[in-house]
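Here's a quick briefing to read alongside the model. Have the viewer open and follow along.

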Amino acid sequence: MTDRCAFKLPRDRFDDLLQAIRQRNYLLLAPVERDGSVMWGEIEGSRELAWGKADSQAPGSYRLEAGHPERCFEVTHGPQSLKSLTFSPRQKLVHVRCGDDGLTFDSEAAESKPTAVIGVRACDLAALKMQERIFIEGEYADPYFKARREKLLLVAVNCTRAQPTCFCASMGTGPAAESGFDLVLTELEEGFLVAAGSRTGEEIIASLNLDAAGEPEQEEARQAVEACAASQTRSINTEQLPQAMYAAHDHPHWDDIASRCLSCANCTMVCPTCFCHAVEEVPTLSRDESERIRVWDSCFTPEHGYIHGKNMRPATRERYRMWLTHKLAAWIDQFGSSGCVGCGRCITWCPVGIDLTAEVAALLEKDA
Amino acid sequence: MNPYAIHAARIAEKIQEAPGIYTFRLLFEDEAVASAFAFAGGQFNMLYVAGVGEIPISIVSDPDRARELDHTIRVVGRVSEVMGNLQEGDTLGIRGPFGHGWPLDEARGRDVLVVTGGLGCAPVAGAIEYIFRRREQYGSVKIMHGVKKPRDLLFRERFDAWRQHPDTEVLLASDVAGRTWHYHIGVVTELFDEVEMEPERSIVMMCGPEVMMRLAAEHMGRRGVPRERMYLSMERNMQCGIGLCGHCQIGPYFACKDGPVMRYDRIAPFLGRDV
Ligand SMILES: Cc1cc2nc3c(=O)[nH]c(=O)nc-3n(C[C@H](O)[C@H](O)[C@H](O)COP(=O)(O)OP(=O)(O)OC[C@H]3O[C@@H](n4cnc5c(N)ncnc54)[C@H](O)[C@@H]3O)c2cc1C
Ligand code: SF4
Ligand code: SF4
Ligand code: FES
């Protein structure tokens with residue numbers, strides 16, 4: 001993380017950075033306090049950030065508490081990742097007109113506004129890269145995802161504080177943001193360290209006339225990020241994947257999980273890599289027009305595995321097995337690396353506190 | 001190109017094959033779309049009915065005549081029911097072609113064993129017709145079809161017509177007996193014992209309930225047919241057809257883009273499982 005040319009950004013100049021981005025016609029999105037957690041919200045300046053707040057996450061629990069009064073990035077991550085910004089939860093795919101002379105279709109992807117996202121975490125950058133692989137680098141490229149992605153400017157923040165639910169270090173995705181951003185910040189005792197990850201990022205930094213960071217600041221940043229990695233207590237042993245997960249198909253432990261899991265789909269909704277979707281047909285009342293709308297779906301829904309006369313995954317046991325086996329095994333075969341980036345959201349937002357790291361450990365135990 | 005773009009097509013002809021089963025001959029409205037459209041046997045289209053939805057349906061016509069697209073549809077539920085009510089002259093939407101079809105090239109020069117089961121097997125019927133139109137390019141053809149009860153046998157005339165081709169056998173089996181049933185009584189795999197085959201020069205194409213295909217593949221394997229020369233047509237929920245919606249997964253595969261026709265040696269570990 002430190003090879004980049006880093007600059008010092010004093011706290012009282014943080015707004016200059018934000019304004020420099022706004023001047024380039026970007027809308028600013030940042031984690032702001034809403035409904036007891038942090039969500040992406042539009043901001044005009046740094047004042048609206050979550051200063052003095054810190055989140056506290058645990059299996060099945062999320063709380064906002066008082067944090068360092070002069071820091072705004074102690075809120076590590078809310079339920080949203082970057083997913084909703086590129087793979088929209090409701091995306092119109094096709095507009096259909098039904099006239100006397102038959103059907104006409106319009107599937108043009110709408111222009112989206114240039115948007116800068118402030119405070120993106122390493123795990124979410126890794127997840128975005130994975131979603132890019134799925135949606136735009138495969139055999140079929142999704143024009144709606146692509147249109148949104150092209151309009152994003154990403155300002156990452158290196159994590160200096162991990163949640164007990166975080167395990168990015170074991171998945172090799174964080175806590176330092178290594179690539180895939182335009183700018184990266186590290187929050188220090190006095191202000192920030194800032195570095196560029198793209199040409200646009202370099203131009204923005206150049207416009208601010210910042211001082212180059214010295215060794216003490218760089219060392220402070222390095223140590224803070226290393227300490228964050230070291231503080232993580234959860235992990236997944238990825239060595240035996242994917243084979244061990246496939247092999248665990250008939251493990252009795254799936255029944256144990258099924259006795260706790262509600263099949264609520266929360267874990268797949270907050271997961272930054274889950275890409276399943278269904279397509280809904282939404283006709284107008286007069287039926288002379290109709291829209292095909294893509295909506296997020298989940299392997300926990302009864303419809304997901306339905307074919308006429310049969311449900312591939314009739315009960316919770318099979319659905320949870322699908323989720324975990326896809327995430328940690330099939331995903332590797334499909335897209336070259338694990339579908340889990342270690343953000344821990346599925347642990348935090350599971351209403352009954354199911355912890356996939358513990359379930360994996362139980363499933364991979366040899367003598368079961 | 002936007003893989004979600006739908007193209008309007010007109011129903012040029014509608015043929016009732018059996019109660020609730022129709023073959024639609026479709027022609028694209030747009031000349032540019034029509035002339036650019038090419039497909040391989042066993043590929044499918046997503047057929048769209050305005051205001052209702054979109055479902056995967058195999059193309060059963062000959063790939064060498066890609067302007068007329070035949071789809072045989074069985075009415076089973078929401079979308080197929082409305083589709084079944086469409087008439088000649090009506091328009092519907094097409095997105096496709098998608099997926100990988102039958103190994104019709106690999107099968108050239110080989111004996112072809114077709115194993116099907118259940119209520120009609122439109123996807124494989126297209127492949128059979130393809131082979132018969134080029135009869136001299138293929139070895140012997142043996143078609144084995146199993147149903148639960150005699151009245152589940154659809155396309156009886158089609159089976160009878162196939163029987164007339166040279167070097168061709170058609171064997172039918174029903175789990176239970178019936179008054180007009182003068183074929184085998186029992187499961188489809190029992191027919192294997194009735195046919196002579198040269199396993200090393202055979203290729204197998206299967207379509208039907210997954211359990212039937214699994215048992216048939218195991219049986220053929222014991223007879224000495226190599227696992228990599230058996231092909232199964234897989235069915236899963238499909239929302240997109242292009243490997244993005246996640247519904248059609250079978251282990252590491254997406255039935256829509258890696259299939260729907262899949263090689264047995266690849267798919268075997270995941271048959272009879274739910275992930
Ligand atoms: C690759 C492929 C090729 C097919 N080819 C043919 C064919 O040539 N002729 C034919 O009659 N049928 C074919 N089917 C099956 C056909 O797609 C289903 O019968 C149809 O989707 C049922 O939709 P429905 O709305 O009428 O039924 P419902 O039972 O109301 O189903 C509701 C929804 O579930 C999904 N669904 C249900 N059953 C299936 C299924 N078997 N496969 C995929 N999705 C399903 C669809 O999204 C459907 O709209 C094929 C399926 C696949 C996967
Ligand atoms: S199948 Fe389940 S685990 Fe896999 S992407 Fe879809 S929702 Fe996520
Ligand atoms: S694991 Fe938890 S979040 Fe996921 S479906 Fe089950 S109860 Fe819901
Ligand atoms: S049908 Fe959507 S991924 Fe295969």
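In which sense do strand 7 of chain B and strand 11 of chain B pair, and over how many bridges? They pair in the parallel sense, over 6 bridges. Keep in mind that this is a predicted model. The notes below start with that strand, then go to a sheet in chain A, the contact between the chains and a ligand site.

**Strand 7 of chain B**

- Strand 7 of chain B covers residues 111-117, and 7 of its 7 residues are buried, so the rest of the structure largely encloses it.
- In a regular strand, side chains alternate between the two faces of the sheet.
- Here both faces are covered: D111(B), L113(B), V115(B) and G117(B) are buried on one side, while V112(B), V114(B) and T116(B) are buried on the other.
- On the strand 11 side (residues 202-207 of chain B), T116(B) has C207(B) as its bridge partner.
- Strand 8 of chain B (residues 141-147) also runs parallel to strand 7 of chain B, joined to it by 6 bridges.
- If you want a residue pair to look up there, V114(B) stands opposite I143(B) of strand 8 of chain B.

**The sheet in chain A**

- Chain A has an open sheet of 8 strands with mixed pairing, in the order 3-2-8-9-10-11-1-12.
- Strand 3 (37-43) and strand 12 (211-212) of chain A sit at the edges with a single partner strand each, so each has one side without a neighbour in the sheet.
- Strand 3 of chain A runs antiparallel to strand 2 of chain A (residues 27-34), and 7 bridges join the two.
- R34(A) is matched with S37(A) of strand 3 of chain A as its bridge partner.
- Helix 6 of chain A (residues 199-206) packs on this sheet, touching strand 1 (6-9), strand 9 (152-157), strand 10 (183-187) and strand 11 (192-196) of chain A.
- The direction of helix 6 of chain A makes about 130 degrees with that of strand 11 of chain A.

**Where the chains meet**

- Chain A puts 47 residues into the contact and chain B puts in 42 residues.
- About 3,600 Å² is buried between chain A and chain B, with 59% of it on carbon and sulfur atoms.
- L103(A), F105(A) and Y140(A) supply 17% of the area chain A buries against chain B, more than any other three residues.

**Around ligand 3**

- There are 13 residues around ligand 3, and C261(A), L262(A), C264(A), C267(A) and C350(A) come nearest.
- By class, the shell around ligand 3 has 11 nonpolar and 2 polar residues, with no charged ones.

Key:
Residues numbered from 1 in each chain as written. Chains lettered and ligands numbered in written order. Predicted model: local features only at pLDDT ≥ 70, side-chain atom pairs only at ≥ 80, totals over all residues. Heavy atoms only, no water. Buried < 20%, exposed > 50% of the residue type's maximum accessible area, 1.4 Å probe, protein only. Helix = DSSP H or I, 4+ residues; strand = E, 2+ residues; numbered from the N terminus. Pairing = 2+ DSSP bridges. Contact = heavy atoms within 4.5 Å. Axes fitted to C-alpha atoms, helices over the stretch in contact; angles between N-to-C directions. Near = heavy atom within 4 Å. Nonpolar A, V, L, I, M, F, W, Y, C, P; charged D, E, K, R; others polar. Buried area = accessible area lost by both parts, 1.4 Å probe.
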